[in-house]
Amino acid sequence: GDLTTSNILLRTPPKSSSSSANSNNNNKEEDWKPELVLIDFGLASTSTGSGNRGGTGGHEDKAVDLYVMERAFEATHPGSKDLVKEALRAYKGACKTSDSVLQRLSLVRLRGRKREAFG
């Protein structure tokens with residue numbers, strides 16, 4: 001599935017024995033450290049890109065996934081631009097081919113804008 005907030009779970013890690021001894025602090029916001037869990041996310045695949053797109057299919061597919069993510073956040077969570085920027089920053093830090101994928105994302109955005117303008 002496409003990455004939308006419907007495909008993200010917040011999982012609270014189990015409390016350590018040291019935190020249970022400190023029961024009066026268990027409900028403080030700074031003690032809550034959830035983990036994000038992504039469900040069925042295509043950017044995690046290991047496609048080599050050797051399809052019918054001249055060896056860049058994997059990068060194109062990932063760029064389209066990122067574009068869909070941006071659009072989904074924009075549609076369902078107005079004002080989430082900083083969140084999207086952070087997701088792209090984290091992706092760049094975690095993926096060796098992110099520069100190529102993010103360049104492709106720019107092209108995908110242009111195609112999307114043309115489609116919106118001209119149908």
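Among the elements of the protein, helix α1, residues 17–21, has the lowest mean pLDDT, at 50, and α3 has the highest, at 91. This is a predicted model, and confidence is a sensible place to start. For the protein as a whole, mean pLDDT is 76. A value of 70 or more is reached by 66% of its residues. One stretch calls for care: over residues 49–54, pLDDT stays under 50. The model has seven contacts beyond four places in sequence for that stretch. Where pLDDT is low, the predicted coordinates should not be read in detail.

Next, the layout. The protein has four helices and two strands. From the N terminus on, the order of elements is β-α-β-α-α-α. The protein has 119 residues, and buried residues make up 24% of them. Take the contacts with a separation of 6 or more: 57% of them join residues 24 or more positions apart.

Now the interior. The largest nonpolar core holds 13 residues. Its elements with two or more residues in the core are α2, α3 and α4. Helix α2 gives the most, with five residues. Leu-66, Met-69, Leu-88, Tyr-91, Leu-102 and Leu-105 have the most contacts inside this core. Leu-88 is worth a look by itself. Setting aside residues up to four places away in sequence, Leu-88 touches Leu-66, Met-69, Leu-102 and Leu-105, along with Glu-70 and Arg-109. Two of these partners, Glu-70 and Arg-109, count as charged.

Glu-70 leads on to the second largest pocket. Glu-70, Glu-74, Lys-81, Val-84 and Arg-113 are the lining residues nearest the centre of this pocket. The full lining has 17 residues. Helices α2 (57–76), α3 (81–94) and α4 (98–118) each give two or more residues to the lining. By class, nine lining residues are charged, five are nonpolar and three are polar. The space in the second largest pocket is about 370 Å³. Rolling a probe the size of a water molecule over the atoms shows where empty space is left.

Last, a residue on helix α4: Gln-103. Is Gln-103 buried or exposed? Gln-103 counts as exposed because its relative accessibility is 58%, and the cut-off for exposed is over 50%. Gln-103 also has a distant partner in sequence to compare with. Ala-63 lies 40 residues away along the chain, yet the C-alpha atoms of Gln-103 and Ala-63 are separated by 8.2 Å.

Methods
Residues are numbered from 1 along each chain as its sequence is written. This is a predicted model: local features need pLDDT of at least 70, side-chain atom pairs count only at pLDDT 80 or more; totals for chains, interfaces and linings use all residues. Side-chain values use heavy atoms; hydrogens and water are left out. On a 1 Å grid over the protein atoms alone, a cavity is a set of points where a 1.4 Å probe fits but cannot get out, and a pocket is an open set with protein on both sides within 12 Å along at least five of seven lines; lining residues have an atom within 4 Å of a point. Grid points are joined across faces, edges and corners, and a volume is the space filled by probe spheres set on the points. A nonpolar core is a set of buried Ala, Val, Leu, Ile, Met, Phe, Trp, Tyr and Cys residues joined through side-chain atoms within 4.5 Å. Buried means under 20% relative accessible area, exposed over 50%, partly exposed in between (1.4 Å probe, protein chains only). Contact means heavy atoms within 4.5 Å. pLDDT is the predictor's confidence in each residue, from 0 to 100.
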